[in-house]
Amino acid sequence: MQLQDAVVVVTGAGSGIGAALARRAAAEGAAAVVVSDRDGAAAERVAGEVGGTADATDVTDEAAVAALVERTVAAHGRVDLFCSNAGVFSGGGIETDTAVWEQVFAVNVLAHVYAARAVLPSMLERGSGHLLNVASAAGLLTTPGDAPYTVTKHGAVALAEWLAVTYGDRGIGVSCVCPLGVSTPLLMDPLEQGRSAAAVVAASGRVITPEDVAQSVVEGLADERFLILPHPEVATYWAQKAAEPERWLAGVRRLVRSTSG
């Protein structure tokens, strides 16, 4: 998957990783970049920077996501790469209100489902296209202090795996991005507030920039990688978890204790 001459849609692109992906797509010579965000003004700002098209879309609204894809296909003839990027934290445990669980699930999992439903028919008709789902290292590991985020990011990874198995032989590429800490408001705001989940993430590895993530994505797409790990150490942690889960869980508990003092 090369970004040059591609028609690219990025959700949650008004800031953070989404904005970095939109900027990088434009820098790589994309034919068109659609900058989608629930915050229409933020989408307009980024679209103005990259010479793209702004689109105010709530990714938890399936009809709105379908309309986003329809508008893009009508304007540009196709979608080559759909970057399903929007995501939210909750900062709570199992006691978190059910309505919050449902909202986090809607953004972190169902938004990926809606994107796939909307864009796959035209991709399958052409026999080409790529889905890029931005998940988190939490989807392979865990985020202590945030049960809804952990559970839904596991779901996002599982969905990406299912899509790759189901459509990989029909010309559809699927990639899942799983970074640790990234210097976006999603991490930095709760970190400043002293939330335990953010403190554990920050202590688990180097906090990188959204531009670092975009670089990893460009490299991963070029290599047709399913799992894109901006923090390579996540692969080691994941392997340790699989090999010795009890030892890994004990290590995470130690990390939590060390950051809560």
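Here are some worked exercises on helix packing, cysteines and a few single residues in this model.

The model is predicted, so local features need pLDDT of at least 70 and side-chain atom pairs count only at pLDDT 80 or more, while totals for chains, interfaces and linings use all residues. Residues are numbered from 1 along each chain as its sequence is written, and side-chain values use heavy atoms, with hydrogens and water left out.

**Exercise 1. Work out how helix 1 and helix 2 are arranged, and what sits at their contact.**

Step 1. Start with the elements: helices (H or I, at least four residues) and strands (E, at least two) are DSSP runs, numbered from the N terminus. Helix 1 covers residues 16–27 and helix 2 covers residues 40–50.

Step 2. Get the geometry. Two packed helices are described by the angle between their axes and the distance between the axes. Axes are lines fitted to C-alpha atoms, for helices over the stretch in contact, and angles run from 0 to 180 degrees between N-to-C directions. For this pair the axes come within 9 Å and cross at roughly 20°.

Step 3. Classify the angle. Under 35 degrees is roughly parallel, over 145 roughly antiparallel, 65 to 115 roughly perpendicular, and the rest oblique. Helix 1 and helix 2 are therefore roughly parallel to each other.

Step 4. Check the hand. A crossing is left-handed if the near helix is turned anticlockwise from the far one by less than a right angle, and right-handed if clockwise; helix 1 passes helix 2 in a right-handed crossing.

Step 5. List the contact (heavy atoms within 4.5 Å). From helix 1 come A19, A22, R23 and A26, and they meet V46, E49 and V50 of helix 2. The residues of this contact split into five nonpolar, no polar and two charged. Here Ala, Val, Leu, Ile, Met, Phe, Trp, Tyr, Cys and Pro count as nonpolar, Asp, Glu, Lys and Arg as charged, and the others, Gly among them, as polar.

**Exercise 2. Do the same for helix 1 and helix 8.**

Step 1. The axes are 8 Å apart, and the packing angle is about 55°. That makes helix 1 oblique to helix 8.

Step 2. Once again, the hand: helix 1 passes helix 8 in a right-handed crossing.

Step 3. Helix 1 brings G16, I17, A20, L21, R23 and R24 to the contact, and helix 8 brings P210, E211, V213, A214, Q215, V217 and V218. Sorted by type, the residues of this contact give eight nonpolar, two polar and three charged.

Step 4. Zoom in on P210, which lies in helix 8 (residues 210–222). P210 is buried, at 9% relative accessibility; buried means under 20% relative accessible area, exposed over 50%, and partly exposed in between (1.4 Å probe, protein chains only). Setting aside neighbours within four places in sequence, P210 is in contact with G16, I17, A20, V182, S183 and T184. P210 and S15 are 195 residues apart in sequence, yet 9.2 Å apart in space, C-alpha to C-alpha.

**Exercise 3. How many disulfides does the rule give?**

Step 1. A disulfide is a covalent bond between the sulfur atoms of two cysteines. The rule asks for a pair of cysteine sulfur atoms within 2.5 Å.

Step 2. Try C83: the closest cysteine sulfur is in C176, 13 Å away, too far for a bond. C83 is buried, with a relative accessible area of 2%.

Step 3. Try C176: the closest cysteine sulfur is in C178, at 3.9 Å, and that's also too far for a bond. C176 is buried too, with a relative accessible area of 0%.

Step 4. The count comes to zero disulfides.

**Exercise 4. Is S36 buried or exposed, and what does S36 touch?**

Step 1. Place S36: it is found in strand 2 (residues 32–37).

Step 2. At 0% relative accessibility, S36 counts as buried.

Step 3. Beyond neighbours within four places in sequence, S36 is in contact with V10, T11, G12, A13, G14, D55, T57 and L68.

**Exercise 5. Describe E224 and R225.**

Step 1. E224 sits in the loop between helix 8 and strand 7 (227–228), and R225 is found in that loop as well.

Step 2. E224 isn't a glycine, but its phi is positive, about 55°. E224 is exposed, with a relative accessible area of 64%.

Step 3. R225 counts as partly exposed at 33% relative accessibility. Leaving aside neighbours within four places in sequence, R225 is in contact with V174, S175, E219 and G220.
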